[in-house]
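Hello,

Here is the structure we talked about handing over. Please load it first, then read the notes below it.

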Amino acid sequence: MATSMARSGLRAAAAAALRGEAKSGARPVLLNKRSFSASAHHDDAYETAKWEKITYAGIVTCTILSIYNLSKGHPHHPEPPPYPYLHIRNKEFPWGPDGLFEKKHSEH
Amino acid sequence: MIESQRHSYHLVDPSPWPISGSLGALATTVGGVMYMHPFQGGATLLSLGLIFILYTMFVWWRDVLRESTLEGHHTKAVQLGPRYGSILFIVSEVMFLFAFFWASSHSSLAPTVEIGGIWPPKGIGVLDPREIPFLNTPILPSSGAAVTWAHHAILAGKEKRAVYALVATVSLALVSTGFQGMEYYQAPSTISDSIYGSTFFSATGFHGFHVIIGTLFLIICGIRQYLGHLTKEHHVGFEAAAWYWHFVDVVRLFPFVSIYWWGGI
């Protein structure tokens, strides 16, 4: 609070110095207005347009990445040796012998 | 607000939904245990419980929407409740996911001899982090940008733009879930393949589940925005969805860096 008050005071003083003494006092009310972040004036229309552009940039980036990724095709992994910590079965699954996302291994 | 009321608090009417939700939760847990062990009727009880919970969620939130949007009970003082509630809920979700990343780090930082003393364990094929995982990572932050676009559009009173922005948010979310499904389908290991599979699929799976919850939340907000429920001054439901969505999209960066990238090379 104190630093922002000091900062706005300095800013007002600097602006007054820049304008020169002849013009000082023309719009003193505006210059002395302190700008705290909580009360800062957000232009929502401007922000809406800005974030719309950021979203489009994101969509374009993701689309390019997707095309690049999907055109490469997916790699095939060799079947590992039957280590005891792989394919763990303490009891049968309620739906049957195959785990989730697992059936593909027998299809290959 | 009712004019005879001399305070700004919402004194709620008696409601059957807390007890129906509790009974649904009881049936779900008992049915879930029965389903996972070979008991008769487990699947039936589990399904009944889930249907009961889903029905309760629908009618309870329908009542809240009526009280807030149509009856005007959600004054500024009342809005504080759902705000604090949403924040505390998200904090608890952060802790929940933290536990799964902890489990993953615990198992991978000092891999035991039983799995070959290396991470990923010997014989485990891992996904290339530069492929679908890398593709899927910027999709959620893009969706986060779209929800910020929607938020500013609501504040600016641009009702149609807000609907478009929410359609973009939800579309990106669905694409992300689609790629996650594709990744799981192509993954060389499963949840029953060593501690790697357990930690990998519980962490990424729970994150994916949260993405789906957030997507449903945003779909509801999109429908409400389309129906004109959300105003410049009063859109707590949307704010909660946006906070939740930012939690989900930021959290995605942690499994990408620690599980897919560091843990997969």
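**Helix packing in chain B**

α4(B) and α7(B) are roughly antiparallel to each other. That follows because their packing angle is about 160°, and angles over 145 count as roughly antiparallel. Keep in mind that this is a predicted model.

Some detail on the pair. Helix α4 of chain B covers residues 132-155, and helix α7 of chain B covers residues 236-251. Their axes lie 9 Å apart. The crossing of α4(B) and α7(B) is left-handed.

Which residues make the contact? From α4(B) they are B:Leu140, B:Pro141, B:Ser143, B:Gly144, B:Val147, B:His151 and B:Ile154. α7(B) brings B:Phe238, B:Ala242, B:Trp245, B:His246, B:Val248 and B:Asp249. By type, the contact of α4(B) with α7(B) has 8 nonpolar residues, 4 polar and 1 charged.

**Domains of chain B**

The domain assignment splits chain B into domain 1 (1-74) and domain 2 (75-264). Their centres, taken over C-alpha atoms, are 25 Å apart. Domain 1 of chain B puts 7 residues into the contact, and domain 2 of chain B puts in 6. How does the domain 1 side that touches domain 2 divide by residue type? In chain B that side has 2 nonpolar residues, 5 polar and no charged.

**Annotation**

UniProt, in an unreviewed entry, lists residues 5-264 of chain B as "domain: Heme-copper oxidase subunit III family profile". Over residues 5-264, chain B is 74% helix and 0% strand. The end C-alpha atoms of that stretch are 61 Å apart.

Best regards

Terms used. Residues are numbered from 1 along each chain as its sequence is written. Chains are lettered from A and ligands numbered from 1 in the order in which they are written. This is a predicted model: local features need pLDDT of at least 70, side-chain atom pairs count only at pLDDT 80 or more; totals for chains, interfaces and linings use all residues. Axes are lines fitted to C-alpha atoms, for helices over the stretch in contact, and angles run from 0 to 180 degrees between N-to-C directions. Helices (H or I, at least four residues) and strands (E, at least two) are DSSP runs, numbered from the N terminus. Angles under 35 degrees count as roughly parallel, over 145 as roughly antiparallel, 65 to 115 as roughly perpendicular and the rest as oblique. A crossing is left-handed if the near helix is turned anticlockwise from the far one by less than a right angle, and right-handed if clockwise. Two residues are in contact if their C-beta atoms, placed from the backbone, lie within 7 Å. Ala, Val, Leu, Ile, Met, Phe, Trp, Tyr, Cys and Pro count as nonpolar, Asp, Glu, Lys and Arg as charged, and the others, Gly among them, as polar. Domain bounds come from an automatic or database domain assignment. UniProt positions are given in the numbering used here, feature names are shortened, and annotations may be inferred rather than shown by experiment.
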